[in-house]
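The following note is offered to a colleague beginning to read protein structures. Please keep the sequence and the model in view while working through the numbered points.

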Amino acid sequence: MRADPSTSLYTSLSVFLLGAIALVVPSGYSIGAVLLLLGGIYSCFTRVSLSWQRQDYAVLGVLMAFGAVWIVSVLIHGGDSSHYDKPIRFILACLGFVLIVKYPPRLTWLWLGLGIGAIAACIWSGYQKFFLDIQRAGGYTNAIQYGNLAMLMGVWCVAGLGWAHTQTHCRRWQLLLVVGALCGVLASLLSGSRGGWIGLPVVLWVLYRAYGRMLAPRIKLALAALILASGAIVLATPQLHVAERLHLAVSDVDQYFNHQNAHTSVGARFAMWHGATQLYLAKPVFGWGERGYQPAMAQLVDEGKADPIIREFGHPHNEILNVASKHGTIGLIALLLLWGVPLKLFAAGLRSADLTVRALATAGILLPVTYIDYGLSQAFLSHNSGVMMYAFWLVVWWGCYRRYAQSAATANPVTT
């Protein structure tokens, strides 16, 4: 079999759906991923050659290592078949990489899917909040996952502006991506999720590193003023409840430290972090496992070493502490590699003279950057949406990036 346009069209459609319907249909983030998986299986039996690079082994290696450590943890600590579900997805995502490299998608489909997906998420969250009277829009998942993933799609749209600049109809593409970026941010606001905003300065710094030198000083000042003005407007808009939730967060911190009250959103997190830290120190090598985590937390409560509020949660709402307490230092190392290796590899393209390469590198860096941010207050990879979006988007970004970076290095034009 040979590579043909119909197969590349299949890849393009899969990547399009991975973004376009991720947050607006039930398990929408899985549909494009399943198509990539099936296409990857098919690709393994075609005669189209795949030239492996050392960096490919690193990217796929961290995905497989994290999944394998999780599986080994289940084998050590025991668990039913459902406990294998999430770690296997990290491993299966590697098959999607084979499809991406052998039958590359058109980038027009990729960025179109993200723009449409962010806009659709905003419309859906607005409908939930203002027509269904849901206080915190959560789509078909919970508000934290929904709001943070919408934010991620929004910042990806900003990353894509470099690519849009190279297109024939650049103004139309730039308009779509700018609207998508604004809608992703607004969907996050409508979800009421606060955790995703903590790392926003780092996200802006990455974007500035990618595109800052292209902007005239007056444009930089205008953008800075626009960001500050937008922040003021958001705080002053009562329907968004941003100022209210910020005040509540400050109050929660005061209640926990000065009144020993853990029965608040922030206070409960502090209590869970304290408990998870104790669990990690008790079993620092392999942890307690998914199955043993809650009984161990309950024992801490019974011994008077933790607040009873922690009984209600299956994870400590912090990615590092969740992995450390359940999978020990071995799992923690795998997690840090899962974040750190893509950060290092994509960083090489952040200053590329080719704007398409730079856009893909920027999007690739923003994936672990945002997940590190989200992981401060949520165990993001404990949810199907978090697993699917990280694992499959990582192979999409890396597969596309390595192709266009190689083309730019050899000065061969690539049609997008």
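**Notes on side-chain contacts**

1. Tyrosine 374 counts as buried, because its relative accessibility is 0%. The model under review is a predicted one, and every remark below should be read with that in mind.

2. Tyrosine 374 forms an aromatic pair with tyrosine 371; the arrangement is tilted, with 6.3 Å from centre to centre and 45° between the planes. Both residues belong to helix H15 (residues 355-374), and because they are 3 residues apart, about one helical turn separates them. Tyrosine 371 is also buried, with a relative accessible area of 1%.

3. The count of aromatic pairs in the model comes to 25. Which tryptophans form one aromatic cluster? The members are Trp111, Trp156, Trp163, Trp173, Trp393 and Trp397.

4. Attention may now turn to charged residues. Side chains of opposite charge can pair when their charged atoms come close. The model has 5 salt bridges by the rule applied, and three of them are discussed in the points that follow.

5. The side chains of arginine 402 and aspartate 56 form a salt bridge, at 2.4 Å from N to O. Arginine 402 lies in helix H16 (residues 384-409) and aspartate 56 in helix H3 (residues 54-77), so this contact ties together parts that are 346 residues apart in sequence. Are these two partners buried or exposed? Arginine 402 is buried at 7% relative accessibility, and aspartate 56 is buried at 0%.

6. A salt bridge also joins the side chains of lysine 326 and glutamate 290, at 3.3 Å from N to O. This pair links distant parts of the chain, as lysine 326 is in helix H14 (residues 319-347) and glutamate 290 is in helix H13 (residues 289-302), 36 residues apart. Lysine 326 counts as buried, with 3% relative accessibility, whereas glutamate 290 is partly exposed, with a relative accessible area of 23%. The cut-off explains the two labels: buried means under 20% relative accessible area.

7. Glutamate 303 and lysine 305 meet through their side chains in a salt bridge of 3.3 Å, N to O. Glutamate 303 is partly exposed, at 42% relative accessible area, and lysine 305 is partly exposed, at 45%.

8. Charged groups also meet aromatic rings in this model. The charged end of lysine 283 sits over the ring of tryptophan 288, 4.1 Å from the ring's centre. Arginine 403 lies over the face of tyrosine 404, at 4.9 Å from the ring centre.

Terms used:
Residues are numbered from 1 along each chain as its sequence is written. This is a predicted model: local features need pLDDT of at least 70, side-chain atom pairs count only at pLDDT 80 or more; totals for chains, interfaces and linings use all residues. Side-chain values use heavy atoms; hydrogens and water are left out. A salt bridge is a side-chain nitrogen of Lys or Arg within 4 Å of a carboxyl oxygen of Asp or Glu. Helices (H or I, at least four residues) and strands (E, at least two) are DSSP runs, numbered from the N terminus. Buried means under 20% relative accessible area, exposed over 50%, partly exposed in between (1.4 Å probe, protein chains only). Rings of Phe, Tyr and Trp (its six-membered ring) pair if their centres lie within 6.5 Å; planes under 30 degrees apart count as stacked, over 60 as edge-to-face and the rest as tilted. A charge sits over a ring if NZ of Lys or CZ of Arg is within 6 Å of the ring centre and within 35 degrees of the ring normal.
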